[in-house]
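Q: Please take a close look at one part of this model, the barrel. How is it put together, and what surrounds it?

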Amino acid sequence: MKLVRNGVAGTLESGDIMIEIRPSEKQGINVELQSTVANLFGKQIKQVITETAEQCGLENVDIIANDKGSLDCTIRARVTTAALRGSDEKFKW
Amino acid sequence: MENGRLRRTMLFVPGNNPGMIADAHIYGSDAVMFDLEDSVTLAEKDAARMLVYNALKTIDYGDIEIVVRVNPLSTEFGRDDIFAMVHAGCPVIRMPKTETAQDVIDTEKCIEEAEREAGVEIGKTKILTAIESALGIVNAYAIATASPRIIGIALGAEDYCANLKTTRSAEGTELFYARSAIVVAARAAGVDALDTVYSNVNDTEGLIAQTKLIKQLGFDGKSIINPRQIAPIHGVFAPSETDIEKALKIIGAAKEAAERGSGVASLNGKMVDKPVIMRAERVITLAKAMNLIKEEV
């Protein structure tokens, strides 16, 4: 999936996560995370974000995440939606 | 109670609210319905679809029945909704604004296409239709029999009343014909009849009165918009001690007659025939669901 613009998805409500993905000059998938549960789960949340971005085929992107205690399935959904909104591609179910 | 399932309460959950999607099954409703239609804004349709898709693939909802209300096929979202939900293993698709048998046939065709693509057994995904217009009510039986996938037909009263050029009243006078038409069509087709939501979550007395009415009409249950509505509705559907005692005696008499090789049983001098036994079995099922009697009875 090729990112052609910034893609944003999610909200700042409890249980959700807001994700913004931007094309980057830097190499790889660079995640910047703010989370209400960063001390406990920060590493795991970053891992889910990175894995999902890789599964979407993203390369060289900055991902800004603001987490409000989301589950893994919510993180995956919001990262994928943000990536799709930033690309011109359709998701293959 | 099609498929042997109770459907006294079906809790509506907005499809773009992760907190509610994660918690919806803990309150004890018989079914949870994730909504991709009216509770989701046009700009968030893609996000809600992706969220419910991921939730269904990940969260174990246990024995609770999971239903997803998709957007109509006539919109740009309907087909994608169906494909996503079938791929996620959604057991029941709720069709909104169903007006004709052709609407059901078109939806079934789309579901079947998605099942083939996803490698899901053909026919596994069931359909619940919502009737929300005068035309839908006139066609209720044709809709209820349009596909073997149909497990029930539901009334959507807000759109129906708008279409009828009337408003909703506390007594529900304007819904008498639609409710009766839906119950008769559902029973004739052998599927469930599900009533519309009671919108005022603070009016428990009103909710109980309306539930008594729809139970008496023959409905299997109601859609609900708040977990607080579960207990009052289940309370109305709960059989009394006398009902349970009588039902157990009827089942016992029918068993005894069957063991004697007789097709007809009697209890206290009254004939116990098939409809009486079916009603008794429903009382026992409800009583078991509410832990009013032990499972092995």
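A: The account below goes through the barrel strand by strand and then turns to the rest of the model.

The structure is a predicted model. In chain B, eight strands close into a barrel in the order E1-E2-E3-E4-E5-E6-E7-E8, and their pairing is parallel. From one strand to the next, the twist averages 25°. In general, the strands of a sheet pair through backbone hydrogen bonds, in either a parallel or an antiparallel way.

Start with strand E2 of chain B, residues 31-35, which runs parallel to strand E3 of chain B, residues 65-69, and is joined to E3 by five bridges. Within this pair, B:Val32 stands opposite B:Ile66.

Further along the order is strand E6 of chain B, residues 150-155, which is mostly covered, as six of its six residues are buried. Strand E5 of chain B, residues 126-131, pairs with E6 in the parallel sense over five bridges. Here B:Ile131 stands opposite B:Leu155. E6 also pairs with strand E7 of chain B, residues 192-195, in the parallel sense, over three bridges. In that pairing, B:Ala154 faces B:Leu194 as its opposite residue.

Now the wider setting. The domain assignment divides chain B into domain 1 (2-237) and domain 2 (241-289). The centres of these two domains, taken over C-alpha atoms, are 32 Å apart.

Chain B also meets chain A: 14 residues of chain B are in contact with 16 residues of chain A. Helix H2 of chain A, residues 72-85, gives the largest share of chain A's side, eight residues. By class, that side of chain A has six nonpolar, six polar and four charged residues.

Note on methods. Residues are numbered from 1 along each chain as its sequence is written. Chains are lettered from A and ligands numbered from 1 in the order in which they are written. This is a predicted model: local features need pLDDT of at least 70, side-chain atom pairs count only at pLDDT 80 or more; totals for chains, interfaces and linings use all residues. Two residues are in contact if their C-beta atoms, placed from the backbone, lie within 7 Å. Helices (H or I, at least four residues) and strands (E, at least two) are DSSP runs, numbered from the N terminus. Ala, Val, Leu, Ile, Met, Phe, Trp, Tyr, Cys and Pro count as nonpolar, Asp, Glu, Lys and Arg as charged, and the others, Gly among them, as polar. Domain bounds come from an automatic or database domain assignment. Two strands pair if DSSP finds at least two bridges between them. Axes are lines fitted to C-alpha atoms, for helices over the stretch in contact, and angles run from 0 to 180 degrees between N-to-C directions. A residue is buried if 20 or more other C-beta atoms lie within 10 Å of its own, exposed if 12 or fewer, and partly exposed in between; C-beta atoms are placed from the backbone.
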